[in-house]
Amino acid sequence: MSTAYRIFPSIGVARLGADGDFFVGPEMPGGGPTEATSDESIVPVTRFKDNTRTKIRKQGARFHLFESNDGRTWQPANVPPENITWAVTLVNKKSAVDRPAEPPIAPMRPNVSPANANQVIAGGTNSIAGRDASSPTFRGTYKTKASDGSPFQVDVELGQLRTDSKGRLIVLGGKGFSSAPAGSPLGVPPNTYYRNPNWHDDVADGPVTAEVKLNSTDPPIKAENGAWVIVAPPDYAPEINGVVTLYDVLLQLGIDSFGFPKPGRPSFDLDVAPILSRVRRLRWVHQNASWSDVRLESPNLRSRAEGDKALREQVMNLVLSVEKILQGHTDPSGPPYRFRKFQRDFLDSWAQGDFDDTPSPPASAISAEGLTRAALEGAVGQGFCPGIEAGIILLDKTLYSAPFNFRINHVNVAAGDLTALMAQPWQADFLKCNIEWWPTQRPDIAPQLSGAKLNWVRGAGQHKLLVQRSGQLGFIVKQEANEVFVEAERDPAMPSFP
């Protein structure tokens, strides 16, 4: 067969930031964000803000072009960057959609009524090619009316495209800018963390495409089914992943609805240990300290011996207790917080001693499938009320191309659909949804070097203060090689109250 091209990751995640500098989101499973180096070196990010500690660095979503001659094995495309044209569309529909009072409890397609069309922030489509290039900025206009009927209009930046020295695409998002007409209430009943009319933000999403022009005479070749990018709020604990990630949720959807291959016998290092690590690390961002259980640290957890079965079963029960502690949907009819079935199968097999204990080091090189997994593991998959990166709409199986490989169908989904029904604006959700929701993106606590645990959101404990001060909050980061996380880069000039 002729050479085919695909973009990886299938779904990439960029994040907002006011700083002009950026880093790149996770590209290898189990890894964290890295600097956008000019060579192939992997440099973990150690600084998430500018020197003033008031502006967050953007997280870029980097997309790679791969090629295949058999449709099964994929390797980086052997195409000069000048022969690849990337294109991206970014749209924010959040203020324009018909929005229920509370987040939906089942997949719901967004609807923009004609009366709200001016509130769609249409960033348009930008193209880019070559090495170390930059595109124009994605910009759209947000129009609404204040409570007194006076017009309100503001230009909103949704992001920009870059290419790196290898010609790979990097999608950058907006600045974390949210606003509304003067006097617009935020989080004041009947408004909520979810629905605040006349407020906008600058998250976005949309399709990613690539065309390859091999020579001047042949028509360009399109990358199969394209890819998608989600521009999400910042992740304030970037090395601590959700216990149930977006990758886990979509993998189970693929298994249940598309016949995607089920994972086989679990590897301790690749399948079980990551779940244990996510649960263990919750103690650094969740105010409930029960997860510091010493059994989670035992070296015998990787032992298949019958004598260690009781320990494995105890720890499995400890892990499953997360379902009772982390929160699903607020509506009793909505989905509760649950592990996916394949995750439970992994834990059951491990507890019974039926797992592969062969040492398996984490990936040391980028791969096609690994790019998608890494991007989605950095996003939360439970609970969808409404979520952080994208909402319960992702459980709609009609969104995806078949055969399933985590790709959004560009015919069935429009730019802006995946983020349309997320919180309005995102800062309102970050204020309200603490303790039992998404501590891995929005920490509940801020551990200090002294051992103290402070309120992470201190100084921004009101909705409008969080809109103003979200860039001043600290990040929860790992201390060198130790399994100790502390707050860093908080603006020292930020008040500690409210």
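Let me open with one residue. Arg53 counts as partly exposed, at 37% relative accessibility. Its address is the loop between strand 3 (19-24) and strand 4. What is odd about its backbone? Arg53 has a positive phi of about 60 degrees, and it is not a glycine. Most residues other than glycine have a negative phi. Keep in mind throughout that this is a predicted model.

There is a second case. Asn198 also has a positive phi without being glycine, near 80 degrees. Asn198 sits in the loop between strand 10 (169-172) and strand 11 (204-212). Buried or exposed? Asn198 counts as buried, at 18% relative accessibility.

While we are on the backbone, two peptide bonds. Most peptide bonds are trans. The bond from Gln424 to Pro425 is cis, with omega near -15 degrees. Pro425 is in the loop between helix 6 and helix 7. The bond from Phe497 to Pro498 is cis too, with omega near 5 degrees. Pro498 falls in the segment after strand 17.

Now step back to the whole chain. We have eight helices and 17 strands. The radius of gyration is 22 Å, and the globule rule gives 23 Å for 498 residues, so the chain is as compact as a globular protein of that length. The C-alpha atoms fill a box of roughly 70 × 65 × 45 Å along the principal axes. Of the 498 residues, 58% count as buried.

How much of the contact map is long range? Take contacts with a separation of 6 or more: residues 24 or more positions apart account for 73% of them.

On to the surface. The chain exposes about 19,900 Å², and carbon and sulfur atoms supply 51% of that. For charge, there are 52 positive and 54 negative, and their mean positions are 3 Å apart.

One surface example is Lys324, in helix 4 (residues 322-325). Lys324 is exposed, with a relative accessible area of 79%. From Lys324 to Val43 is 37 Å, C-alpha to C-alpha, with their positions 281 residues apart in sequence.

Next, the salt bridges. The count comes to 29. I will take three pairs and one network.

Pair one is Arg109 with Asp396, at 3.1 Å from N to O. This pair links distant parts of the chain, 287 residues apart. Arg109 is in the loop between strand 6 (84-92) and strand 7 (121-129), and Asp396 is in the loop between helix 6 (368-377) and helix 7 (426-432). Arg109 is partly exposed, at 33%. Asp396 counts as buried, at 14% relative accessibility.

Pair two is Glu377 with Arg278, the closest N and O atoms being 3.6 Å apart. Glu377 is in helix 6 and Arg278 in helix 2 (residues 268-281), 99 residues apart. Glu377 is buried, with a relative accessible area of 6%. Arg278 counts as buried as well, at 9%.

Pair three is Glu483 with Arg281, at 3.0 Å from N to O. Glu483 lies in the loop between strand 16 (475-478) and strand 17 (485-488) and Arg281 in helix 2, so the pair ties together parts that are 202 residues apart in sequence. Glu483 counts as partly exposed, at 22%. Arg281 is buried, at 16%.

Then the network. Which residues does it link? Asp21, Glu35, Arg47 and Arg57 are joined by salt bridges.

Back to helix 6, the home of Glu377. Why call this helix largely enclosed by the rest of the structure? Because eight of its 10 residues are buried. They are Ala368, Gly370, Leu371, Thr372, Ala374, Ala375, Leu376 and Glu377. What do they pack against? Their partners are strand 1 (4-8), strand 2 (11-15), strand 4 (57-68), helix 1 (246-258) and helix 2.

Strand 1 brings me to my last residue, Arg6. Arg6 is buried, with a relative accessible area of 19%; the cut-off for buried is under 20%. Leaving aside neighbours within four places in sequence, Arg6 is in contact with residues including His64, Leu65, Phe66, Trp74, Glu224 and Arg407. Arg6 and Thr144 are 138 residues apart along the chain, and their C-alpha atoms are separated by 40 Å.

That is the tour. Questions, please.

Notes
Residues numbered from 1 in each chain as written. Predicted model: local features only at pLDDT ≥ 70, side-chain atom pairs only at ≥ 80, totals over all residues. Heavy atoms only, no water. Helix = DSSP H or I, 4+ residues; strand = E, 2+ residues; numbered from the N terminus. Rg over C-alpha atoms; globule rule 2.2 N^0.38 Å. Buried < 20%, exposed > 50% of the residue type's maximum accessible area, 1.4 Å probe, protein only. Contact = heavy atoms within 4.5 Å. Areas by Shrake-Rupley, 256 points an atom, 1.4 Å probe, with all protein chains shown as cover. Lys, Arg positive; Asp, Glu negative; His and termini not counted. Charge placed at Lys NZ, Arg CZ, Asp CG, Glu CD. Salt bridge = Lys/Arg side-chain N within 4 Å of Asp/Glu carboxyl O.
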